[in-house]
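Please walk me through this protein, starting with its overall build and ending with a few side chains that meet each other.

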Amino acid sequence: MSAIKVIRALLLADAAVTAIVGQRVFAGIVPQGSALPLLQLSEVSRVERLTTGLTESTVLVTTRVQVTALTKTYGSQKALLQAARLGAGAHTGVIAGVPVRAVTRDLVGPDMSDPETEIYEQSRDFKVIFTEPN
């Protein structure tokens with residue numbers, strides 16, 4: 001959950017993102033009836049780098065977080081995904097109370113749409129490297 005907290009905090013601190021979705025950045029399942037556009041966050045993978053002796057007070061964790069843009073048009077899907085890039089470089093420091101080594105962009109998923117519901121979606125992944133108590 002720490003990586004989700006980090007990505008959510010970064011997205012909500014980004015003016016380009018909030019100009020499009022406001023506060024509609026959801027961790028996990030999106031509440032039914034939520035207005036579009038919005039962002040949904042999911043943890044895709046998590047690797048804990050344990051030390052050999054398992055005696056360290058913290059462990060280094062690498063997590064991949066998927067950020068999915070859900071919109072009503074293809075153009076707004078692309079605009080939201082572009083806004084959700086979080087700018088250039090790596091984000092570091094304490095973010096949302098989590099000691100972060102780095103947040104970097106990772107891969108972008110395929111375009112998806114549902115003609116019946118007229119919902120357009122695409123995802124962008126981030127790699128979040130942070131420490132947590134062992």
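Here is a tour that moves from the whole chain to single residues.

Keep in mind that this is a predicted model. The protein chain contains three helices and seven strands. Reading from the N terminus, you meet these elements in the order α-α-β-β-β-α-β-β-β-β. Along the principal axes, the C-alpha atoms fill a box of roughly 55 × 25 × 25 Å. How does the radius of gyration of the protein chain sit beside that of a compact globule? For 134 residues, a compact globule would come out near 14 Å, and the chain has 16 Å, which agrees.

Now look at the surface and the interior. The accessible surface of the protein chain is about 7300 Å², and 53% of that belongs to carbon and sulfur atoms. Of the 134 residues, 34% are buried. Among contacts in the chain with a separation of 6 or more, 61% are between residues 24 or more positions apart.

Let's turn to helix α3, which spans residues 74-83. Its residues Gln-77, Leu-80, Leu-81 and Ala-83 are buried. They cover an arc of only 160 degrees around the axis, so they lie on the same side of α3. What do the buried residues of α3 pack against? Their partners are helix α2 and the strands β2, β3, β5, β6 and β7.

One of those partners, strand β7, covers residues 119-133 and holds Gln-122. Is Gln-122 buried or exposed? Its relative accessible area is 6%, under the 20% cut-off, so Gln-122 counts as buried. Its side chain makes a polar contact of 3.0 Å with the side chain of Gln-77, and another of 2.8 Å with the side chain of Lys-78. Setting aside neighbours within four places in sequence, Gln-122 is in contact with residues including Val-67, Leu-81, Val-108 and Asp-111.

Lys-78 leads us to the charged pairs. How many salt bridges does the structure hold? It holds four. In one of them, Lys-78 pairs with Asp-111, with the closest N and O atoms 3.0 Å apart. This pair links distant parts of the chain, since Lys-78 is in helix α3 and Asp-111 is in the loop between β5 and β6, 33 residues apart. Lys-78 is partly exposed at 31% relative accessible area, and Asp-111 is partly exposed at 37%.

Strand β7 brings us to another bridge. Asp-125 forms a salt bridge with Arg-64, and the closest N and O atoms are 2.4 Å apart. Here Asp-125 in strand β7 is linked with Arg-64 in strand β3, 61 residues apart. Asp-125 is buried, with a relative accessible area of 2%, whereas Arg-64 is partly exposed at 24%.

Farther along β7, the side chain of Glu-132 meets that of Arg-46 in a salt bridge of 2.2 Å, N to O. Arg-46 lies in strand β2 and Glu-132 in strand β7, so the pair ties together parts that are 86 residues apart in sequence. Arg-46 is partly exposed, with a relative accessible area of 31%, while Glu-132 counts as buried at 17%. These two residues also belong to a network of salt bridges that includes Glu-48.

How values were computed: Residues numbered from 1 in each chain as written. Predicted model: local features only at pLDDT ≥ 70, side-chain atom pairs only at ≥ 80, totals over all residues. Heavy atoms only, no water. Helix = DSSP H or I, 4+ residues; strand = E, 2+ residues; numbered from the N terminus. Buried < 20%, exposed > 50% of the residue type's maximum accessible area, 1.4 Å probe, protein only. Polar contact = N/O pair within 3.5 Å; in protein donor to acceptor, adjacent residues only side chain to side chain. Contact = heavy atoms within 4.5 Å. Arc of directions from axis to C-beta. Rg over C-alpha atoms; globule rule 2.2 N^0.38 Å. Areas by Shrake-Rupley, 256 points an atom, 1.4 Å probe, with all protein chains shown as cover.
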